[in-house]
Amino acid sequence: VCENNHSFDIAKQGYLNLLPVNQKKSKDPGDNEMMIAARRNFLELGFYDLLIESIQKLISDKLIFESKNIVAFDAGCGEGYYSEKALNNLLGLETEIFGTDISKYAVRNAAKKYKNNFYFVSSIYNLPIADSSTDLILSVFSPIMTEEFKRILSKQGYVIVVSPAP
């Protein structure tokens with residue numbers, strides 16, 4: 001139940017749908033089931049293992065957190081691959097991992113496969129996350145919403161953005 005007394009049901013797969021109807025631009029926004037399945041099959045072949053290792057090394061070698069217990073948020077999490085692989089089992093850190101995507105199919109798949117993380121459907125343009133509550137934001141091949149990221153990021157927090165480039 002939120003502060004406005006709205007209640008939300010957790011789906012049997014373990015995720016929440018927090019995307020209001022008035023924020024949808026189509027009946028089923030985001031990637032469809034076939035796209036999600038194809039992406040997961042591709043990612044699990046290991047082609048992005050070097051990217052995962054690079055993200056983990058950046059976090060371990062360059063980022064300093066006030067506490068060993070951090071809240072990590074995967075913005076545009078898709079099927080959860082990057083949040084699970086890059087943000088779990090970080091040397092010396094205990095991570096509580098959250099992720100969101102606008103695709104209910106992606107979030108359903110993420111929640112079903114990676115049960116230790118918490119996933120929810122929402123738009124990154126209006127995140128249902130408390131101000132200054134996140135220590136690390138990961139955005140891999142997803143849209144960026146600077147104002148929302150600044151709002152939810154703790155004072156000593158970090159943002160890691162992975163974008164396509166030469």
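This passage describes the fold, cores, salt bridges and selected residues of a predicted model.

The secondary structure of the protein consists of five helices and six strands. Read from the N terminus, these elements follow the order β-α-α-β-α-β-α-β-β-α-β. The protein has 166 residues, of which 43% count as buried. Among the contacts with a separation of 6 or more, 63% are between residues 24 or more positions apart. The exposed area of the protein is about 9900 Å², and carbon and sulfur atoms supply 52% of that area.

The largest nonpolar core contains 28 residues. Within this core, the residues that touch the most other members are I55, I59, Y82, L136 and L138. At least two residues of the core come from each of helix 2 (49–62), strand 2 (69–75), helix 3, helix 4, strand 4, strand 5 (134–140) and strand 6 (153–162). Another core, of 11 residues, lies apart from the largest one and includes F120, I137, I152 and L153. When neighbours within four places in sequence are left aside, the contacts of L138 are I55, F73, D74, A75, Y82, A86, L87 and I160.

I152, one of the residues of the 11-residue core, is located in helix 5 (residues 146–152). I152 counts as buried because its relative accessibility is 0%. Residues up to four places away in sequence not being counted, I152 touches F73, L127, I129, A130, D131, S132, S133, T134 and I137. For T134, which is 18 residues from I152 along the chain, the separation of the two C-alpha atoms is 5.8 Å.

Helix 4 spans residues 104–113, and its buried residues are Y105, A106, V107, A110 and A111. These buried residues pack against helix 1 (33–43), strand 3 and strand 4 (118–121).

The structure holds seven salt bridges. One of them joins E79 and R39, whose closest N and O atoms are 3.1 Å apart. E79 is in the loop between strand 2 and helix 3, while R39 is in helix 1, so the pair ties together parts that are 40 residues apart in sequence. E79 is buried, with a relative accessible area of 2%, whereas R39 counts as partly exposed at 28% relative accessibility.

A salt bridge also links D131 with R151, where the closest N and O atoms are 2.7 Å apart. Because D131 is in the loop between strand 4 and strand 5 and R151 is in helix 5, this pair ties together parts that are 20 residues apart in sequence. D131 counts as exposed, at 52% relative accessibility, and R151 is partly exposed, with a relative accessible area of 24%. D131 is also among the residues touched by I152.

The salt bridge between D61 and K57 has its closest N and O atoms 2.5 Å apart. Both residues belong to helix 2, where D61 and K57 are four residues apart, about one turn of the helix. D61 counts as partly exposed at 46% relative accessibility, and K57 counts as exposed at 52%. In addition, R40, E44 and K113 are linked in a network of salt bridges.

On the surface, F42, L45 and F47 make a nonpolar patch of about 350 Å². F42 is placed in helix 1 and is partly exposed, with a relative accessible area of 38%.

N88 is found in the loop between helix 3 (81–87) and strand 3 (94–101). N88 counts as buried because its relative accessibility is 15%, which is under the 20% limit for buried residues. The side chains of N88 and E84 are joined by a polar contact of 2.7 Å. Beyond residues up to four places away in sequence, N88 touches Q56, S83, T95, I97 and N117.

Technical notes: Residues numbered from 1 in each chain as written. Predicted model: local features only at pLDDT ≥ 70, side-chain atom pairs only at ≥ 80, totals over all residues. Heavy atoms only, no water. Buried < 20%, exposed > 50% of the residue type's maximum accessible area, 1.4 Å probe, protein only. Polar contact = N/O pair within 3.5 Å; in protein donor to acceptor, adjacent residues only side chain to side chain. Contact = heavy atoms within 4.5 Å. Core = buried A, V, L, I, M, F, W, Y, C linked by side-chain atoms within 4.5 Å. Patch = residues over 30% accessible without salt bridge, like charges linked within 9 Å, V, L, I, M, F, W, Y side chains within 5 Å. Areas by Shrake-Rupley, 256 points an atom, 1.4 Å probe, with all protein chains shown as cover. Salt bridge = Lys/Arg side-chain N within 4 Å of Asp/Glu carboxyl O.
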